[in-house]
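Work through the exercises below with the sequence and the 3D view side by side. Try each task before you read its solution.

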Amino acid sequence: MRSGPARSLFSLTRLAGGARAMLRSATRGTGQRARRVAVAAPLDTGGFLGASVAAWISTSPSLLPRTWWMWGVNIGLSEVYGYASGVLARKLVRRIASEIGLQVQIAPDHRVRARWAGAAALVGISSYSWVRGVRRQREISHRVQQEPKSLATHVVGSAAGLGASLGALVLARSVIATAHLYRAMLRPYLPPRTVRVLSLLLTAATVAVVTDRLLRGRVLENMLERAEAANLLISPDVPRPTSPLRSGGPQSLETWQSLGAPGRKIVSGGADRRLITRTVGREALEPIRVYAAKSASRSLEDTTAALIAELDRTGAWDREVLVLFTGTGTGWLQEWSLSAIEFLTAGNCATASIQYSFYPSPLTYLVDRRSPQRAGRLLLDAVRRRLAELPADRRPALYVAGESLGSYGGQAAFRDVPEMLSTIDGAVWTGTPSITPLWQQLTAHSRPGSPAVAPIIDSGRNIRVVTRPRDLVRNYWGGLYAPWEHPRVVYAQHPSDPVVWMDLSLLWREPAWLRERVGHDVTPAMRWFPWITFWQIAADMPLSIKVRGGHGHSYHEEMVPIWAAVLGQDGAGAGTEAQQMAQRRWLRAIVDAIREITPQP
């Protein structure tokens, strides 16, 4: 006879062996079902038709010309949506037909012909929609003044989209197979209802863990590491400034290394006093550019204090104009805007900004949306406190500006529109995202009937929305504004800028700007479709800064007349035609000078 411990060990061994055998059996059966679900199972008929319809729609035009990967994203995500919708629609139709007793049958001798007719229709419609989509892409390219993409771009992109949608289908079926596995393992021990609930929870937990490991553990961390490395990179093509009026230069309180890559580009760029003098035709001053970057060793408050110290050191308070910029996620500022101010003021100005992050704007918006808003508030509040210490007749005119996420963060310094107009001498907000609270306040009170791409605010007395320079003097419909009063605020936004129009509500609601179809550089053939349009606009965003200036998210030479108007140097209504012609030639000379010193994309 076995002793007590031996019997216990023998019982445990038998139990473990039985559990292994049961798990092996369950796993074998479930594995067979999983293979059928993930690989061998045919495509769902309703899902296939839904994916086909979604693919046809995905070839429709959006705001900007597509690269191959933009084609892939549009087609792939659209087909995923279409397949899921088709599966649900088929189940719903079957349920309704079963409830009302409806049956539809095709005679055996007609089935083959029906299949061939369906296949021919599918091929014909797919070919037509693809060719039409390619032609629309050529039209969009001409509208934004770009060379049309080659036919290979569209072919490769379409193939990539089809492959992506098939990969998504296999992934979805793998999740279903995982749920079957959990059910098979739990079924011998638990009631059916509990098995269903628990298997669903375990499947969701498995997907969450895998997604977290892949996205956050690898993709996101890799993006953060690359962004940090790019910020630390000191390029030999970016020389350290030799002027003491630049941060990072001689006598600066900020070291060259501490400014970050975007900050180093900003302070080393722009024109010097001699070029400005030759261009504007009068003696100029050396412009002041100061910058400070947040780091692990100092907070945003400390960074703001460091910037104020740089303004003190350079004598910025004695200049005629002081402009506070809120940068994008990486701390980048638009050189066209900076240089426009310096030429228009003949160098009698100072520009200042802080870096609150070194992540790209989309990543900053996802992981740290508060930092750009805090940076905008802290910078303006600190400068206003410092100006309050100066005699009123010695204070420079104060302007604020920001582009993209910088516009979103810069406008957060103001509770509402009256506070903005009573606090500053002017502002230029460029490519403002639609989620910006102050912008939403403005559009909610715009003139009824004015276009969504350029709403009319209080007849343009203080605030004007500009899609192109001519909108500075007349509204989008060509009508007259009320006399322009100070302070002047300009919202610059192109109808083809996806950053401006991107919004989560595109998933389920047609926006007014698309319903009106009045954007001068957007094809009127563009239509809204649930889910699909959202991803079309999202795919347009990454390359929107690469298109020609005046379109997309590229705001270049129009910044010169915009800043001239905000600074009160537009010459609106000035005397004779000869004087107005001279004004235009002067602005044109500034544009040409900035183009020479500004790297082209």
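**Exercise 1.** Which residue in β5 is the bridge partner of Y399?

Solution. The model is predicted, so local features need pLDDT of at least 70, side-chain atom pairs count only at pLDDT 80 or more, and totals for chains, interfaces and linings use all residues. Residues are numbered from 1 along each chain as its sequence is written, and side-chain values use heavy atoms, with hydrogens and water left out.
- Start with the elements: helices (H or I, at least four residues) and strands (E, at least two) are DSSP runs, numbered from the N terminus.
- Find strand β5 at residues 426-430; β4 and β5 run parallel and are joined by five bridges.
- Two strands pair if DSSP finds at least two bridges between them.
- The partner of Y399 in β5 is G426.

**Exercise 2.** Find the other strand that pairs with β4, and state how enclosed β4 is.

Solution.
- Strand β2, residues 321-326, pairs with β4 in the parallel sense over six bridges.
- One of the links joins T326 to G402 of β4.
- Now check burial: buried means under 20% relative accessible area, exposed over 50%, and partly exposed in between (1.4 Å probe, protein chains only).
- Strand β4 spans residues 397-403, and six of its seven residues are buried, so the rest of the structure largely encloses it.

**Exercise 3.** Describe the ring pair W439 and Y491.

Solution.
- Rings of Phe, Tyr and Trp (its six-membered ring) pair if their centres lie within 6.5 Å; planes under 30 degrees apart count as stacked, over 60 as edge-to-face and the rest as tilted.
- This rule gives eight aromatic pairs.
- For W439 and Y491 the centres are 5.0 Å apart and the planes stand at 40°, so this pair is tilted.
- W439 belongs to helix α15 (residues 437-444) and Y491 to strand β7 (residues 488-492), so the pair ties together parts 52 residues apart in sequence.
- W439 is buried at a relative accessible area of 5%.
- Y491 is buried too, at 0%.

**Exercise 4.** Which residues of α15 are buried, and against what do they pack?

Solution.
- L438, W439 and L442 are buried in α15.
- Seen down the helix axis, the buried residues of α15 fall within an arc of 100°, so they line one face. The arc is that of the directions from the helix axis to the C-beta atoms.
- They pack against α14 (417-423), β6 (463-466) and β7. Contact here means heavy atoms within 4.5 Å.

**Exercise 5.** Where does S357 sit, and what does S357 touch?

Solution.
- S357 is in the loop between β3 (349-355) and α11 (361-367).
- S357 is buried, at 9% relative accessibility.
- Leave aside neighbours within four places in sequence: the contacts of S357 are then G329, T330, G331 and T364.
- A polar atom of the S357 side chain lies 3.3 Å from the backbone oxygen of G329.

**Exercise 6.** Compare the backbone and burial of S404 and S459, then find a cis peptide bond.

Solution.
- S404 is not a glycine, yet it has a positive phi of about 60°. S404 lies in the loop between β4 and α13 (405-410) and is buried at 11%.
- S459 is not a glycine, yet it has a positive phi of about 55°. S459 lies in the loop between α15 and β6 and is partly exposed at 23%.
- The cis peptide bond joins H486 and P487, with omega about 0°. P487 is in the loop between β6 and β7.

How values were computed
Polar contact = N/O pair within 3.5 Å; in protein donor to acceptor, adjacent residues only side chain to side chain.
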